[in-house]
Each structure stands twice: as structure tokens, then as C-alpha cells.
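Grab a pen and work through a few exercises on aromatic rings. Each task comes with a worked solution.

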Amino acid sequence: MAFEPVFESINSNCERGEILEQIKAETKTDVPLEQIKKVLSVNAFVTTEEGMVGDGKLDYSGRVVFFLSYVSTDGEIKKAECGAEFKGIMKSDLLSDGARVFTTATVDKIDTDLSGVKLSLSAYVTVRAEVEKCRQVKALVGGEDVFVKSQEITYSKGLGLKVGVYPVEEQFDLNYAVKEVLAHKIKAFITAVQCGVGTLIVDGEVLLSIIVLQNKEKGGIIRENRTIPFRMELECDEAMPTMQAIARVKERAFKTDVSVDEESGQSTVTLTAQLQFYGEAFSISQINVASDAFCKQNQLELEREDFFYSKSCELHGVSSSISGRAFVDELPVGASLLAVGGEKVEVVSKECDNGHLKLTGVLTATAYFTDGEGNYFTRKAETPFDIKEEFGGGCNSESSVRVGAINARARVLSLTEIELEAEIRATLCLKDNAVVGLVKEIKTKEQKEKCDSALSVYIPFEGEDLWSLAKRLNEDPDKLIETNKDLTFPLTGKERIVVYRRK
């Protein structure tokens with residue numbers, strides 16, 4: 001009988017990692033400094049694009065759009081928008097040819113420069129690249145004249161990344177006239193992902209918030225929130241309803257337009273946005289792989305490898321309300337809080353284990369006030385948070401977590417302190433990972449010495465199982481059971497093992 005081991009390839013061994021890089025984006029506005037009495041707020045929307053990946057590098061680019069509101073020298077509240085481009089190169093061993101990359105970015109800090117002729121703005125942007133590098137793994141599964149210690153693994157096999165763009169269009173009415181939109185923000189969250197026949201179905205919500213100035217003599221500043229549900233379908237020919245799926249979304253662009261009906265005094269707000277989706281379906285596959293092997297005729301040299309694989313892939317959403325005290329620059333007596341906007345979270349630490357998500361971080365926002373004389377001003381506010389939420393799933397370091405803050409609000413506690421509240425939403429892409437040691441290569445060495453006895457009796461080791469016994473005795477495990485039917489494993493060490501060799 002010829003020695004012929006049999007191998008199979010498995011396409012599920014993916015190394016995952018995250019790369020962070022901070023970059024600065026700068027621009028000048030068209031607003032002369034001589035026209036600015038006071039800057040009320042500066043918010044920013046940032047988008048990214050992935051470029052070439054390979055040779056340990058990722059080319060990326062992006063754009064920051066600044067939304068500026070200010071009080072002019074004539075006492076009017078005005079707004080301005082401008083943009084700044086940025087690009088960079090990340091370097092990492094993860095960024096090899098064929099690696100998949102999903103980039104997002106957050107604005108950490110915005111600076112205003114009042115030293116020139118026109119107002120200048122700069123944003124410090126953290127670009128985050130989630131990298132997945134998959135490769136085929138060769139695994140011994142059996143063969144002629146080779147005995148294997150086999151174990152069955154069940155793993156999720158990706159059917160390939162699918163990408164799509166989804167347009168959002170929404171209109172809603174306000175029962176008052178809007179003079180200016182001072183700030184606006186959108187955040188998209190996925191709430192569910194499922195497979196249909198030949199498609200990935202992604203459900204979620206776009207959360208829009210706008211800070212508006214009313215068009216009247218003593219116009220107030222008001223925050224408006226809207227939730228727009230969406231359903232995106234990505235084509236995936238192999239997808240079936242029984243399969244698992246995960247998806248990610250990022251905001252590519254958006255704008256809000258306001259029209260006012262002079263007769264009714266009402267306003268119509270129109271939101272247009274673009275969302276980009278990345279989704280993948282997973283089929284469940286089973287395979288028996290060898291973690292050990294021996295040959296009766298020859299000594300073997302085995303090359304082993306730890307095989308990391310996902311048993312399942314799921315998506316979960318978690319929501320938690322947070323509140324905390326925030327110290328602010330002293331407020332004037334008689335100040336009234338009007339609205340809160342520009343909320344964001346900086347996650348300091350995250351832990352996901354045994355169905356619990358733990359997050360610590362800082363919530364920041366801009367609070368809009370009016371003083372006793374009707375003058376508008378703002379205060380920056382921040383408060384730490386610490387949350388722990390349960391959800392129905394398991395996660396580990398390979399799971400990705402996307403966190404955002406929505407629906408910020410506040411109340412004044414004293415002239416130097418406010419209570420800041422918001423809702424924290426987290427979207428978790430969960431992967432139930434496991435590891436198994438397998439044999440990826442096998443070579444024959446010198447021949448084994450043959451035993452010429454027709455019958456042999458052996459005393460086993462205490463605690464020995466069938467595989468270790470068969471390998472030590474160089475015998476077929478099935479034949480050992482056939483000729484020693486009373487054996488119970490693990491062995492006690494007092495049994496007598498009979499081996500028959502017929503010539």
C-alpha cells in the first residue's frame with residue numbers, strides 16, 4: 001500500500017487588525033475676520049476613501065466639511081461652509097496584497113485661527129483602517145497508509161465582500177419659519193442584517209439632527225431630530241435565507257436644504273445623503289481535519305499550524321442612555337439654555353465578553369445659550385461616561401464595535417455646571433472565533449522496525465486514550481477496538497491489550 005496523504009484547502013483563516021493614524025486638514029473660509037464678532041460653533045463632517053492596498057501600504061484620502069456659525073459685527077447670526085482635502089499613507093504588515101480594508105474617520109479637534117485676514121479652520125482627524133487579511137490553509141484530512149486523529153470543525157465561509165451605495169431623501173415640515181441652519185449632523189446605524197435569495201438585506205436608521213435659528217424678531221435657537229429608516233439590498237448570487245451575514249455602513253455625503261412658505265410661516269427641510277454599505281454572507285461548512293498522524297511503515301515528520309476560524313458571524317445593536325455633570329466657563333446671570341448639538345463620543349476603552357459590552361469614554365457637545373439681553377453664545381461641555389450593557393451574543397478581540405452619540409440634551413445646574421445627557425449607540429459585528437491545531441505538511445522518514453510476533457500483549461499507561469495507544473503501538477485504532485472489545489477509555493493502566501498479527 002503506497003503512502004498517499006490527502007490534503008484540503010480551507011479559506012477561513014483571516015488575520016484582523018486595526019490601524020490608526022492622525023492627520024491635519026486645514027482651510028481658509030471666505031469670512032473676513034472684521035465681520036466676525038463671535039464664533040458660536042464649528043462642526044465637521046468627514047469622509048474617507050480607500051486607495052491602493054499592498055506592499056505593506058494603504059493610500060487613503062478624504063475630505064472634511066466644516067459648518068461654521070457666528071455672530072457678525074452687526075449682531076446677526078450667520079453661517080458658512082467650507083471644505084478641506086487630506087490624504088496619507090498607512091504602513092503595516094497587515095497591508096499585504098489581497099487584504100480588505102474598511103476606513104472610517106473621526107474629527108478629534110477643531111481649531112479656529114483669528115490671526116489672518118479671513119478665518120482659518122483646521123481639523124485633527126483620526127483615520128481608522130480595519131484590515132482583514134485572509135489566506136488559504138492546507139490541512140491533512142486522511143489518505144492511504146496514514147492514520148489520522150481527526151476532528152470535525154464547523155466554520156463560517158465568506159462568500160465575498162459586496163459593496164453598494166444607497167441614496168437617502170427625506171422631507172419634513174416645521175411649524176415655524178427657519179432663518180438659518182446653524183449646524184447639522186447625520187449618523188447611520190445598522191439594526192439588522194439577513195440573507196434573502198441572492199441578496200443581503202440591511203435594515204437601519206439614519207439619525208438627523210439640525211440646529212436652526214427661527215426667523216422672527218427674537219428668534220430662538222431650536223434643535224430638531226428626525227429618524228429615517230432604510231432598507232438596503234446588496235446583490236449576492238450565492239446568498240440563501242439560512243445563511244448568516246454582517247454589514248457595515250458609513251456616511252459619504254449629505255446636505256440639508258430649507259424652504260420657507262411666507263404665507264403659512266412654515267418651513268420644509270429636505271435631507272439628501274449617500275450611504276456606502278459593505279456586506280458579506282457566510283455559509284456554514286464542516287470539515288474533518290487531522291491534528292495528528294502516524295504511518296505503520298515509516299516514521300513521519302509533521303508540520304503543524306494553529307488554524308483560527310469563525311464559527312459564526314452576527315450583528316448586534318446596543319443602546320444606552322448616559323448623563324453626567326460638565327463644568328463650563330461661567331455663565332452670565334440670567335442665561336437660558338436653548339439647544340445642544342455637535343455631540344460626539346471618544347471611546348477610551350472597550351471590552352466585549354460573555355454577552356457584555358463595557359465602554360468608557362468622554363461625551364462632548366456644544367450648548368447654545370442666550371443671556372438676559374438676548375445675545376447668543378455657546379459653551380463647550382464634556383463629561384466622562386462608563387456603561388455596561390448586555391446583549392444576546394458572544395464577542396472577543398476580533399469583534400468590531402462602532403459607537404456614536406445622538407439626541408444630546410442638557411440642563412443648567414449652576415453658573416459653572418450643566419448636566420449633559422445623550423444616547424450612546426453601538427453596532428457590534430460579532431465573530432465567535434475558535435482555534436484548532438492541524439497538520440499542514442507531512443514527510444516520511446526512516447522505516448520503522450517490524451514486529452514479527454503473531455501476538456503481543458501490552459500494558460497501557462494510566463489515562464491513555466485510543467489515539468495515543470494506537471500511535472504508540474503502531475496499530476490501526478479500529479483493529480485495536482475490534483480485538484479488545486471490553487476496553488473503556490481513558491484506560492486505568494491495569495488492562496491487557498492484545499495485538500494480533502496474522503501472516
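**Exercise 1.** How many aromatic pairs does the structure hold?

*Solution.* There are 10 aromatic pairs here. To pair, rings of Phe, Tyr and Trp (its six-membered ring) need centres within 6.5 Å; planes under 30 degrees apart are stacked, over 60 edge-to-face, and the rest tilted. Keep in mind that this is a predicted model: local features need pLDDT of at least 70, side-chain atom pairs count only at pLDDT 80 or more, and totals for chains, interfaces and linings use all residues. Residues are numbered from 1 along each chain as its sequence is written, and side-chain values use heavy atoms, with hydrogens and water left out.

**Exercise 2.** Classify the pair Phe 307 and Tyr 309, then check burial.

*Solution.* Step one: the ring centres lie 5.4 Å apart with planes at 15°, so this pair is stacked. Step two: Phe 307 is buried because its relative accessibility is 0% (buried is under 20% relative accessible area, exposed over 50%, partly exposed in between, using a 1.4 Å probe and protein chains only). Tyr 309, at 9%, is buried as well.

**Exercise 3.** Find the cluster that ring pairs build around Phe 45.

*Solution.* Follow the ring pairs: they link Phe 45 with Phe 67 and Phe 254.

**Exercise 4.** Which rings have the charged end of Lys 250 or Arg 425 over them?

*Solution.* The test is NZ of Lys or CZ of Arg within 6 Å of the ring centre and within 35 degrees of the ring normal. Lys 250 sits over Phe 102, 5.6 Å from the ring centre. Arg 425 does so over Phe 189, at 5.7 Å.
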